Amino acid sequence: MKRYLCSIIIGMVVILSIGTYYVKVASSASSLPKYTFKTLEGSDKELDPVIINASLQNGSNFYEPLTIESNTTKYASERSYLENLTGRQDHLIERLVKEHRSFMRGKDSISSLYEDDDFLAYARVNSEYTKSGNMEAKFDIGLLVKKDEEETSFQIELPNQGRIMNADVRDVQLVHSKLQVLTMNDVNSNNEKQTKEVHLYTIDVANKKVLSDKTLVSETFTDPNQVGFEMPIDIAPSQPNNIVFILVNKGINQEDGFKEKLKESKLLSYNYETEKLETVKKGSLSLDMARSGYADGKNLYAVEMKSGKYRVKTFELGSQKLTSDTELDIAANKEEQYTAAFKNGRVYFLLNGMNQEGKSNKPAKLLIADLKTGKTLYKGETVINKKNSKSFQLYFDDLEIK
């Protein structure tokens, strides 16, 4: 009886402790400022799919992540224990976990996933270093047939792994029933030279084997020379894409950091269907626009400031031609930072009111416009419901659209 009584007392203490914790958390969160967007133009229904991830800071004394979703502020401390345990996830990952919980277990990288109406696929490089200093690397491969929830999963050795120091999966596609896995690799040159490569692995899921290992790009250099590979921001990760961009930057590592030599930089496009790697013609798309651009597999969207306005240029990837040049109804300010998102024929443009030092001195502005016509569908700015908000700084991390 004493044993059961002890267990009951311990359980009550735990329950009371948890209850006290959540009461304190709720009280703490309620004292923090709430941020919402005041509508200046258009319909506030346009805000329904908008997710803004940010953080509230007060010097080095306070830091609290928050999300403004459907025009409602929610702090990390207001989330459940399980939500905070898993951390903030991309809304696409959250959806896939809800729909395919078993398959998605342990899968949290959106760049390692592919999804269409029939299949959900996954490819990740799982590596470790042995005592001898060599890397042992394997592909973790998964394929889900949505119709009957049939799963296939296996590991397979990465080809030529003895020469690879690191392999990072950047894109996964399913083309003609074969899995295409694009990686950026650091190669062990065994001397003062360094080599970076972009590889495309073709994997036969049915027979669980790597059919080919194709090197798309290979650059060798010695210090202080440097080479970097970049890709435009993928606004449709995990979705079927025919074309991928690879930006190759060459520069010299000087005392004040990496300096690019744009004369030696080049922009490449690879077509999964035709298997062609091409250099994008100079003049059709500048390197600066590609570097800061947003791609969805069909188009690349680039933002630029011109004549005191922000403009969005749309380039069709297949033809490499400019198909639209749209002016947004929002004043440009070189001192302020912006974040953009593109979905369903709309551009979502967040001008966050921060200067070059990262300090917020103006309300953030959000513009939602038709991508082709530039017509404003919504315009608003942040308002705060707390008098003590001046002691806090709001920092924006990213913008997501459901």
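Student: How many cavities of 30 Å³ or more does the structure hold?

Tutor: This predicted model holds 2 cavities of 30 Å³ or more. The second largest of them contains about 30 Å³ of space.

Student: Which residues line the second largest cavity?

Tutor: The lining consists of Phe37, Leu47, Val50, Ile52, Ile68, Ser70, Asn71 and Leu366.

Student: What makes up the lining of the second largest cavity by class?

Tutor: There are 6 nonpolar, 2 polar and no charged residues. Ser70 and Asn71 belong to this lining, and both count as polar because neither residue type is on the nonpolar or the charged list.

Student: What is the volume of the largest pocket, and which residues lie nearest its centre?

Tutor: The volume of the largest pocket is about 1,300 Å³. Its lining has 46 residues, and Asp234, Ile235, Ala236, Pro237 and Ala295 lie nearest the centre. Elements giving two or more residues to this lining include helix 3 (91-99), strand 9 (164-175) and strand 27 (393-401). Strand 23 gives the most, with 5 residues. By class, the lining has 22 nonpolar, 12 polar and 12 charged residues.

Student: Why is the contact between glutamate 69 and lysine 402 called a salt bridge?

Tutor: The closest N and O atoms of glutamate 69 and lysine 402 are 3.2 Å apart. The rule asks for a distance within 4 Å, so the pair qualifies. Glutamate 69 lies in strand 3 (residues 62-69) and lysine 402 in the segment after strand 27, so the salt bridge ties together parts that are 333 residues apart in sequence.

Student: Are glutamate 69 and lysine 402 buried or exposed, and what decides the matter?

Tutor: Neither term applies. Glutamate 69 has 32% relative accessibility and lysine 402 has 40%. Buried requires a value under 20% and exposed a value over 50%, so glutamate 69 and lysine 402 are partly exposed.

Student: How do you know that arginine 124 and aspartate 140 form a salt bridge?

Tutor: Their N to O distance is 3.6 Å, and the limit is 4 Å, so this pair also satisfies the rule. Arginine 124 is in strand 6 (residues 119-129) and aspartate 140 in strand 7 (residues 135-145), 16 residues apart.

Student: Why do arginine 124 and aspartate 140 carry their burial labels?

Tutor: Aspartate 140 has 16% relative accessibility, which is under 20%, so the residue is buried. Arginine 124, at 36%, falls between 20% and 50% and is therefore partly exposed.

Student: What makes the pair of arginine 163 and glutamate 197 a salt bridge?

Tutor: Their side chains meet at 3.1 Å, N to O, which lies within 4 Å, so the criterion is fulfilled. Arginine 163 is in the loop between strand 8 (150-157) and strand 9, whereas glutamate 197 is in strand 11 (residues 194-204), 34 residues apart.

Student: Why is glutamate 197 called buried?

Tutor: Its relative accessible area is 5%, under the 20% limit, so glutamate 197 is buried. Its partner arginine 163, at 34%, is partly exposed.

Student: What is the count of salt bridges by this rule, and which residues are linked in a network?

Tutor: The count comes to 16 salt bridges. Arg95, Glu99, Glu115 and Lys146 are linked in a network of salt bridges.

Student: What share of the protein do buried residues make up?

Tutor: Buried residues make up 43% of the 402 residues. The accessible surface comes to about 22,300 Å², with 49% belonging to carbon and sulfur atoms.

Conventions:
Residues are numbered from 1 along each chain as its sequence is written. This is a predicted model: local features need pLDDT of at least 70, side-chain atom pairs count only at pLDDT 80 or more; totals for chains, interfaces and linings use all residues. Side-chain values use heavy atoms; hydrogens and water are left out. Buried means under 20% relative accessible area, exposed over 50%, partly exposed in between (1.4 Å probe, protein chains only). Accessible areas come from the Shrake-Rupley method with a 1.4 Å probe; for residues, only the protein chains shown count as cover. On a 1 Å grid over the protein atoms alone, a cavity is a set of points where a 1.4 Å probe fits but cannot get out, and a pocket is an open set with protein on both sides within 12 Å along at least five of seven lines; lining residues have an atom within 4 Å of a point. Grid points are joined across faces, edges and corners, and a volume is the space filled by probe spheres set on the points. Helices (H or I, at least four residues) and strands (E, at least two) are DSSP runs, numbered from the N terminus.
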